[in-house]
Amino acid sequence: MHPEPHDELRVASFRDLDTTTLYAILRLRADVFVVEQNCAYADLDGRDDEPGTRHLWFTRDGEIRAYLRILSDNDAERIGRVVTAPDARGHGLAGRLLTEALTVIGNRPSVLHAQAHLADFYTRFGFAQTGPEYLEDGIPHIPMSKPS
């Protein structure tokens, strides 16, 4: 009898990402943010390799199932690029990643720009809206923050 497959959490800096993992992360981001959401934008924004950036993801059998990154931005940590593979949705992976991200961030303030339809999700983790809704690449977003 084989053990049940499970999702393994990984955390790494850019320099600690091997090329196969980096490729899989970038492919997931492109598949969801560019293709599925029909949004042509520059996902490769030059921030993935900044010092202090942390990449968090769940993998199962070599497949990236969910991902986010944490950037060091001035006086706050910025959570972004939160994404779950279509076949992995509904299993709580995004919530587990966000919980881990907040553990990594610790007692520092954090910010994010949520897709508007996900604002309630982020509110459950202590984030509050800090400004008006705006359009980014044709998708409504809301700036949110969580104090330290």
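In this predicted model, the residues that line the second largest pocket divide into 6 nonpolar, 1 polar and 4 charged. The lining itself is made up of A24, R27, L28, D31, V32, E36, G62, E63, I64, A85 and P86, and the elements that contribute two or more residues to this lining are α1 and β3. Of these contributions, the largest share comes from α1, with 6 residues, and the space inside the second largest pocket amounts to about 180 Å³.

The largest pocket holds about 860 Å³ of space and is lined by 38 residues, among which F33, R81, V82, Q115 and Y122 lie nearest its centre. By chemical character, the lining of the largest pocket divides into 18 nonpolar, 11 polar and 9 charged residues. Several elements take part in it: α1 (19-36), β3 (63-73), β4 (76-84), α2 (93-105), β5 (110-115), α3 (119-123), β7 (134-136) and β8 (139-146) each supply at least two residues. Which element gives the most to the lining of the largest pocket? That element is β4, with 7 residues.

Helix α1, which supplies residues to the lining of the largest pocket and also to that of the second largest pocket, can be described in some detail. It has 18 residues, and the distance from its first C-alpha to its last is 24 Å, which is close to the 26 Å expected at 1.5 Å a residue. The helix α1 is bent by about 25° at A30. Its buried residues are T21, I25, L28, R29, V32 and F33, and these buried residues of α1 pack against β2 (54-60), β3 and β4. Two of the names return from the pockets, since L28 and V32 are included in the lining of the second largest pocket, while F33 is one of the residues nearest the centre of the largest pocket.

Three further residues can be set side by side by how much of their surface is accessible.

| Residue | Relative accessible area | State |
|---|---|---|
| G106 | 39% | partly exposed |
| S110 | 1% | buried |
| A76 | 13% | buried |

Why does S110 count as buried? Buried means under 20% relative accessible area, and S110 is buried because its relative accessible area is 1%. The residue S110 is found in strand β5, and, once its neighbours within four places in sequence are left aside, S110 is in contact with A76, E77, L102, I105, F127, M144, S145 and K146.

One of these partners, A76, sits in strand β4, and A76 is likewise classed as buried because its relative accessible area is 13%. When residues up to four places away in sequence are not counted, A76 touches L71, P109, S110 and V111. The C-alpha atoms of A76 and S145 are separated by 9.0 Å, although these two residues are 69 residues apart along the chain.

The residue G106, in turn, has its place in the loop between α2 and β5, and G106 is described as partly exposed because its relative accessible area is 39%. A separation of 11 Å lies between the C-alpha atoms of G106 and K146, which are 40 residues apart along the chain. K146 is also one of the residues in contact with S110.

Notes
Residues are numbered from 1 along each chain as its sequence is written. This is a predicted model: local features need pLDDT of at least 70, side-chain atom pairs count only at pLDDT 80 or more; totals for chains, interfaces and linings use all residues. Side-chain values use heavy atoms; hydrogens and water are left out. On a 1 Å grid over the protein atoms alone, a cavity is a set of points where a 1.4 Å probe fits but cannot get out, and a pocket is an open set with protein on both sides within 12 Å along at least five of seven lines; lining residues have an atom within 4 Å of a point. Grid points are joined across faces, edges and corners, and a volume is the space filled by probe spheres set on the points. Helices (H or I, at least four residues) and strands (E, at least two) are DSSP runs, numbered from the N terminus. Ala, Val, Leu, Ile, Met, Phe, Trp, Tyr, Cys and Pro count as nonpolar, Asp, Glu, Lys and Arg as charged, and the others, Gly among them, as polar. The expected span of a helix is 1.5 Å times one less than its number of residues. The bend at a residue is the angle between axes fitted to the seven residues ending there and the seven starting there. Buried means under 20% relative accessible area, exposed over 50%, partly exposed in between (1.4 Å probe, protein chains only). Contact means heavy atoms within 4.5 Å.
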